[in-house]
Amino acid sequence: GGEKAAVVETAIAARRPSHVLEYGAYVGYTSIRMALQMKAWGGRVVSFEMDPMHACIVRNILILIGLEQQAVVQLGHSDDALPILREKGAHFDMVFMDQRSTRFHSDLTTLEQKSMLLPGCVVVADNVLKPGAPRWLWHVSTGA
């Protein structure tokens, strides 16, 4: 909603990322807002979505509003979808984590281990306090 969108849009405006990875597209609200904002400088969004119906909805909305070049939806769980992006040589200067918060730590660690984060990459995550992501918070605040 509004607060989450404001945080993401502030991060995008400040950093002007060229490649954003979003975990959890649902029906595309955030991915569309990010793509619209980044269109001015040619930025692109790749969103993971596990549910085929949700992925279909987002893909069709992107086509209808003319953003299919700025945003794509990769169907599948992050464990399966990330290797596909890695094979394509994908690297990201912003990551938005909006999946199940218990996955934040392992997904971020995987991105780090596979060297898919560009220097200065900004990571934004939703729901870190409620329901909570204490392991992820510890990792990003201490580097451990």
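**Salt bridges, sheet and cores in a predicted model**

A search of the whole structure, which is a predicted model, finds three salt bridges. Side chains of opposite charge can pair when their charged atoms come close. One of these pairs is formed by Arg 33 and Glu 9, whose closest N and O atoms are 2.6 Å apart. The pair links distant parts of the chain, since Arg 33 belongs to helix H2 and Glu 9 to helix H1, 24 residues apart. Arg 33 counts as partly exposed because its relative accessibility is 30%, and Glu 9, with a relative accessible area of 26%, is partly exposed as well.

Another salt bridge brings together the side chains of Asp 79 and Arg 103, at 2.9 Å from N to O. This pair, too, links distant parts of the chain: Asp 79 sits in helix H4 (residues 78–87), while Arg 103 sits in the loop between S4 and H5, 24 residues apart. With a relative accessibility of 45%, Asp 79 counts as partly exposed, and Arg 103, at 21%, is likewise partly exposed. Arg 103 also meets the side chain of Asp 107 in a salt bridge, with 2.8 Å between N and O. Asp 107 has a relative accessibility of 3% and therefore counts as buried. Through shared partners, the salt bridges join Asp 79, Arg 103 and Asp 107 into one network.

From these charged pairs we can turn to the sheet. Five strands form an open sheet in the order S3-S2-S1-S4-S5, and their pairing is parallel. S3 and S5 are the edge strands, each of them pairing on one side only. On average, and with direction ignored, neighbouring strands of this sheet are turned by 20° against each other. Between S2 and S3, which run parallel, there are five bridges, and Phe 48 has Gln 74 in S3 as its bridge partner.

Helices pack on this sheet. H2 does so by touching S1, S2, S3 and S4, and its direction makes about 170° with that of S2. Helix H5 (residues 104–113) packs on the sheet as well, touching S1, S4 and S5, and its direction makes about 170° with that of S5.

What do the buried residues of H2 pack against? Buried in this helix are Thr 30, Ser 31, Ile 32, Met 34, Ala 35 and Met 38, and the buried residues of H2 pack against H1, strand S1 (19–23), strand S2 (44–49), H3, S3 and S4.

The largest nonpolar core has 20 residues, and those with the most contacts inside it are Val 8, Met 34, Val 45, Leu 62, Met 94 and Val 124. Two or more residues of this core come from each of helix H1 (2–15), helix H2 (29–38), helix H3 (52–64), strand S3 (71–75), strand S4 (92–97) and strand S5 (117–125). H2 gives the most to this core, with four residues. Met 34 in H2 is buried, and, when residues up to four places away in sequence are not counted, Met 34 touches Val 8, Ile 12, Val 20, Glu 22, Val 45 and Phe 96. Apart from the largest core lies another core, of 18 residues, among them Met 116, Val 128, Ala 133 and Trp 136.

Trp 136 also takes part in a contact between helices: Phe 104, His 105, Leu 108, Thr 109 and Glu 112 in H5 meet Arg 135, Trp 136, His 139 and Val 140 in H7. By class, this contact of H5 with H7 has four nonpolar, three polar and two charged residues. The axes of H5 and helix H7 (residues 134–142) come within 7 Å and cross at roughly 40°.

A last stop is Asp 126, which lies in the loop between S5 and helix H6 (128–132). Is Asp 126 buried or exposed? Its relative accessibility is 19%, so Asp 126 counts as buried, the cut-off for buried being under 20%. Leaving aside neighbours within four places in sequence, Asp 126 is in contact with Lys 4, Phe 96, Met 97, Asp 98 and Phe 104. Two of these names have appeared before: Phe 96 is among the residues touched by Met 34, and Phe 104 is one of the H5 residues that meet H7.

Definitions and conventions: Residues numbered from 1 in each chain as written. Predicted model: local features only at pLDDT ≥ 70, side-chain atom pairs only at ≥ 80, totals over all residues. Heavy atoms only, no water. Core = buried A, V, L, I, M, F, W, Y, C linked by side-chain atoms within 4.5 Å. Buried < 20%, exposed > 50% of the residue type's maximum accessible area, 1.4 Å probe, protein only. Contact = heavy atoms within 4.5 Å. Pairing = 2+ DSSP bridges. Axes fitted to C-alpha atoms, helices over the stretch in contact; angles between N-to-C directions. Salt bridge = Lys/Arg side-chain N within 4 Å of Asp/Glu carboxyl O. Nonpolar A, V, L, I, M, F, W, Y, C, P; charged D, E, K, R; others polar.
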